[in-house]
Amino acid sequence: IFGLGSKFESAPMAIMAPTRKMQRLGASKQSIFSIQRILFFLVFVLTVSYIYICGFIAINIGTSGASSPAQMMASGLGFLSAPTNKKPIQIAYAISLIKCSDFQSSTSGLLDAATVLRHSVHETSVRNPDSGSKYDYKLYAIVHTNAAECSHILTDLGYEVLLKDSPVDISEIQGDYLRKNVHKEWCCGADEFVKLYAYTIEEHPIVVHTDIDFMFYQPMDDIYDAMLLPRNSEEGKRARSKVEMEYPDKDQPDNIQAYLTRDYHQVIPGRKSAFQAGFIVLKPSMEAFNEYLDIIREGNYVDGFSRENGWGGKGYGGVVGSMAMQGLPAYYYDIIRPNTTVELNGCRYNHMGANIFYDDVPNFISRYKDLHGKCRRNIEGCEDCRKTDLGLIKNIHFTNCRKPWNCAGMASKASTIQGGKTDPPGSIDSRTSNYEHCVEVVRKWHEMRTDLEQKIGNGTRDTKVF
């Protein structure tokens with residue numbers, strides 16, 4: 001019995017030994033399970049984070065114009081900034097190409113001009129973090145069918161080409177004088193009316209239309225804010241207060257339809273100032289587009305240089321471009337749609353470095369000698385755009401200071417006074433511009449071009465661009 005008892009007494013110990021092993025095994029399994037849960041959680045967090053970051057990169061690539069994360073990194077790792085689902089507002093920047101070349105330019109000049117213009121838009125937009133702008137952009141080129149053969153240049157540069165014919169056929173114009181003479185107008189006759197198609201780009205809240213010989217120097221966020229934000233909001237008030245107007249004492253309308261500048265250097269005493277057709281910031285409107293066409297078709301344009309000449313017999317004529325896009329928009333916004341626009345300071349916006357004082361030219365009449373040296377805007381203390389500090393200039397229109405891609409010298413005094421032909425067509429006329437100022441203005445264009453070359457070279461490592 002004792003022997004059996006000893007066996008039975010040792011049985012619980014035998015049973016307990018495997019039980020402890022099982023407990024140790026269970027604890028080990030539980031530890032493994034806990035580690036698995038931790039690993040699963042980490043994988044889950046990393047996966048979600050990866051999807052989130054990739055999605056945000058995709059959004060930023062879409063709004064920045066970059067085609068890959070590498071390009072995003074090249075633009076300054078902008079995708080690592082605070083996430084937002086709100087895409088920046090996209091402004092349409094449009095140019096018009098009416099013919100491939102003239103005495104002032106050429107196809108190679110067109111390529112240089114359009115490339116530098118494009119780069120200047122980019123540099124003053126949200127895609128360049130250093131600009132401080134919050135607005136994005138899209139580029140358009142309104143190309144007349146006459147210039148279709150060279151429009152591929154603009155397509156290659158990223159412009160969306162809108163191939164258009166003149167919106168009004170000359171035969172449709174009822175007024176005899178306009179119908180018979182508009183084809184003679186500088187530079188392009190009735191073909192220049194293709195610029196009106198800028199009003200039809202309704203995919204964007206704002207369209208900025210410029211000539212190709214143009215360059216943006218500083219962002220225009222204040223103008224965009226003033227057009228888009230409620231007038232009585234704090235942001236809207238602040239934006240309007242920052243816009244530099246030609247007449248600062250004037251109130252800006254509640255619903256601003258356009259910001260523009262005037263061609264004061266052409267003004268004849270007592271006449272209306274023409275619109276400067278190389279620059280306008282507008283809200284697209286098919287209604288406005290159709291109203292323009294109705295005015296052209298009616299053709300109520302009076303010949304001559306009196307106060308009753310030009311569009312509607314209201315004095316909008318007698319200057320270069322008055323039958324086309326210099327006189328027509330001025331008449332439209334002053335007479336047809338008054339109190340819908342704001343006139344910008346022409347020395348700061350659409351800067352041409354032009355003489356806007358009554359000196360000997362242009363269009364100075366000898367019997368008005370008492371006006372000599374006075375401002376063509378008929379106010380005291382007129383800013384001399386030939387001396388405007390370059391740091392104050394928002395954008396530049398290369399007209400009086402000539403085309404930067406051409407070699408331009410100062411016209412000789414004998415040539416300018418006697419109308420001689422000894423100087424090249426691109427020479428700077430010292431009567432209408434300051435030569436030294438023009439040299440500085442043109443240098444800004446070349447600096448923008450050099451900046452583009454440097455960035456292409458650094459991005460591609462292709463030294464041939466230098």
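**Strand E4 and the cavities**

Let me start with strand E4, residues 207-210: Val 207 and His 209 point to one side, Val 208 and Thr 210 point to the other, and all of them are buried. Keep in mind that this is a predicted model.

Now the neighbours of E4. Strand E1, residues 90-97, runs parallel to E4, and four bridges join the two. One pairing to look at is Ala 94, whose bridge partner in E4 is His 209. Strand E7, residues 275-282, pairs with E4 as well, here in the antiparallel sense and over four bridges. Within that pairing, Val 207 has Leu 282 of E7 as its bridge partner.

Next, the empty space. Searching the whole structure gives four cavities of 30 Å³ or more. I will take two of them.

The second largest has a volume of about 80 Å³. Which strand gives the most to its lining? That is E7, with four residues. Two residues already mentioned, His 209 and Leu 282, are in the lining, and others there include Lys 195, Tyr 199, Phe 275, Tyr 292, Met 325 and Pro 329. By class, the lining has 10 nonpolar residues, one polar and one charged.

The largest cavity holds about 120 Å³ of space. Its lining consists of 13 residues, and those nearest the centre are Arg 262, Gly 346, Met 352, Ile 356 and Cys 385. How does this lining divide into nonpolar, polar and charged? There are five nonpolar residues, five polar and three charged.

To go back to E4 once more: His 209 is buried, is the bridge partner of Ala 94, and lines the second largest cavity.

Key
Residues numbered from 1 in each chain as written. Predicted model: local features only at pLDDT ≥ 70, side-chain atom pairs only at ≥ 80, totals over all residues. Heavy atoms only, no water. Buried < 20%, exposed > 50% of the residue type's maximum accessible area, 1.4 Å probe, protein only. Pairing = 2+ DSSP bridges. 1 Å grid on protein atoms, 1.4 Å probe; cavity = no way out; pocket = protein on both sides within 12 Å on 5 of 7 lines; lining within 4 Å. Points joined across faces, edges and corners; volume = space filled by probe spheres on them. Nonpolar A, V, L, I, M, F, W, Y, C, P; charged D, E, K, R; others polar.
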